Amino acid sequence: MSLRLSTVILPVDRWHEGGRAKWQRAEELGFHAAYTYDHLSWRSFRDGPWFGALPTLTAAATATDRLRLGTLVTSPNFRHPVTLAKELISLDDISGGRVTLGIGAGGNGFDATALGQEAWTPKERADRFGEFVPLLDRLLTEGAVSQKGNFYTAEEARNLPGCVQRPRLPFAVAATGPRGLKLAAKYGQAWVTTGDPKLYEEGTPEQSVEALRGQIARLGKACAETDRDVADLDKILLHGFTPDRNRPLESVNAFVDFAGRHQELGFTEIVIHWPIPRSGFAVEQPIFEAIAARAPAQLR
């Protein structure tokens, strides 16, 4: 199977001052998809411009024709399934059915406390995620939903006419733990990982490959427990958080070598960050564009 190459465009530019141009250029370069982060602010970008994910994707949908669009990733940190479903159905309609929802349990970043709550423990995040995903699935596939949960309630929530994509837009579930992997196996059309975060600082690329091999094996076990073939799920690696860091983006050959090793593990899509000067994603734009233009053909 050919390896798809996608990009993630952080929402740091005003739309009319470079934002629109990036999404249009991503389509011109032939990327399979362009995603954005769904945060209220994020890490080193906290004190600079940062725009909302779903309005950005809506604008991108009107500025492009073929490019798939999505979040990497949306989480329960500041989202509710009822309102999120309405926005996603609208976005799927505007884009003509080009939306993928990357979805995860969330973390301890700025989003975790921006609404005034205490940061949830890992167990609380998993509990909420376990309720969030099934309810969102129902909201995107049923015309009217009523459900009372421990964390999320819907009362005759109506979502007609539903998604353009049937039975709903695809979920790309980010998970590495057992509960999240079960959700990916049951509800996901794709699975997302960034690798093993414990290896980022002091691990080696070889250790990272083995850790990813183990994650895919655990995903396979979760699929088997739900009578699903793990081959049915796309497997997405968000680049930039393994010990390789940005070295694979130093040349076309370096990227092809990196991507080929991960393709052998079973990954079907690799997502690379659009360059941002003076940041951890500061890659030479000509090299980035050469990778987009030339690498996919070498990975078929």
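A residue is called buried when its relative accessible area is under 20%, exposed when that area is over 50%, and partly exposed in between, using a 1.4 Å probe and protein chains only. A184 is a good place to try this out: it is buried, because its relative accessible area is 0%. The structure you are looking at is a predicted model, in which local features need pLDDT of at least 70, side-chain atom pairs count only at pLDDT 80 or more, and totals for chains, interfaces and linings use all residues. Residues are numbered from 1 along each chain as its sequence is written, and side-chain values use heavy atoms, with hydrogens and water left out.

**Around A184**

- A184 lies in helix α5; here helices (H or I, at least four residues) and strands (E, at least two) are DSSP runs, numbered from the N terminus.
- What does A184 touch, once its neighbours within four places in sequence are left aside? Its contacts are V173, W191, L219, R228 and L233, where contact means heavy atoms within 4.5 Å.
- A172 is twelve residues from A184 along the chain, and their C-alpha atoms are separated by 7.6 Å.

**Helix α4**

- Helix α4 covers residues 122-141, and its 20 residues should span 28 Å at 1.5 Å a residue; the end C-alpha atoms are 29 Å apart, which agrees. The expected span is 1.5 Å times one less than the number of residues.
- Many names appear in its buried list, including R125, F129, F132, L136 and L140.
- Here is a handy idea for reading such a list: an α-helix has 3.6 residues a turn, so residues three or four places apart point the same way.
- The buried residues of α4 pack against α3 (81-95), β4 (99-103), β5 (144-148), β6, β7 and α5 (178-187).

**Helix α8**

- The 14 residues of helix α8 (residues 285-298) should span 20 Å, and the end C-alpha atoms are indeed 20 Å apart.
- Where does α8 have its kink? A kink of about 35° lies at A292, shortly before the proline P296. The bend at a residue is the angle between axes fitted to the seven residues ending there and the seven starting there.
- A292 is also one of the buried residues of α8, together with F288, E289, A290, I291 and A295.
- These buried residues of α8 pack against β1 (4-8), α1 (19-28), α7 (252-265) and β10 (269-273).

**Aromatic rings**

- Rings of Phe, Tyr and Trp (its six-membered ring) pair if their centres lie within 6.5 Å; planes under 30 degrees apart count as stacked, over 60 as edge-to-face and the rest as tilted. By this rule the count comes to eleven aromatic pairs.
- The pair of Y37 and W42 is edge-to-face, because the ring centres are 4.9 Å apart and the planes stand at 75°. Both Y37 and W42 are buried.
- W191 and F267 give a stacked pair, with 6.0 Å centre to centre and 20° between the planes. This pair links distant parts of the chain, since W191 sits in strand β8 (residues 190-193) and F267 in the loop between α7 and β10, 76 residues apart.
- W191 is buried with a relative accessible area of 0%, and F267 is buried with 2%.
- One aromatic cluster is formed by Y37, W42, F45, W50 and F281.

**Charges over rings**

- A charge sits over a ring if NZ of Lys or CZ of Arg is within 6 Å of the ring centre and within 35 degrees of the ring normal.
- R168 lies over the face of F171, at 3.6 Å from the ring centre.
- R245 lies over the face of Y200, at 4.2 Å from the ring centre.

**Backbone details**

- R245 has a positive phi of about 50° although it is not a glycine. R245 is in the loop between β9 (234-238) and α7, and it is partly exposed, with a relative accessible area of 31%.
- E156, in strand β6, has a positive phi of about 50° although it is not a glycine.
- The peptide bond from L72 to V73 is cis, with omega near -10°; V73 belongs to strand β3 (residues 68-74).
- The peptide bond from L160 to P161 is cis too, with omega near 10°, and P161 is in the loop between β6 (153-158) and β7 (171-174).

**Cysteines**

- How many disulfides does a search of the whole structure find? The search finds zero, with a disulfide being a pair of cysteine sulfur atoms within 2.5 Å.
- C163 is buried, with a relative accessible area of 2%, and C223 is buried, with 0%.
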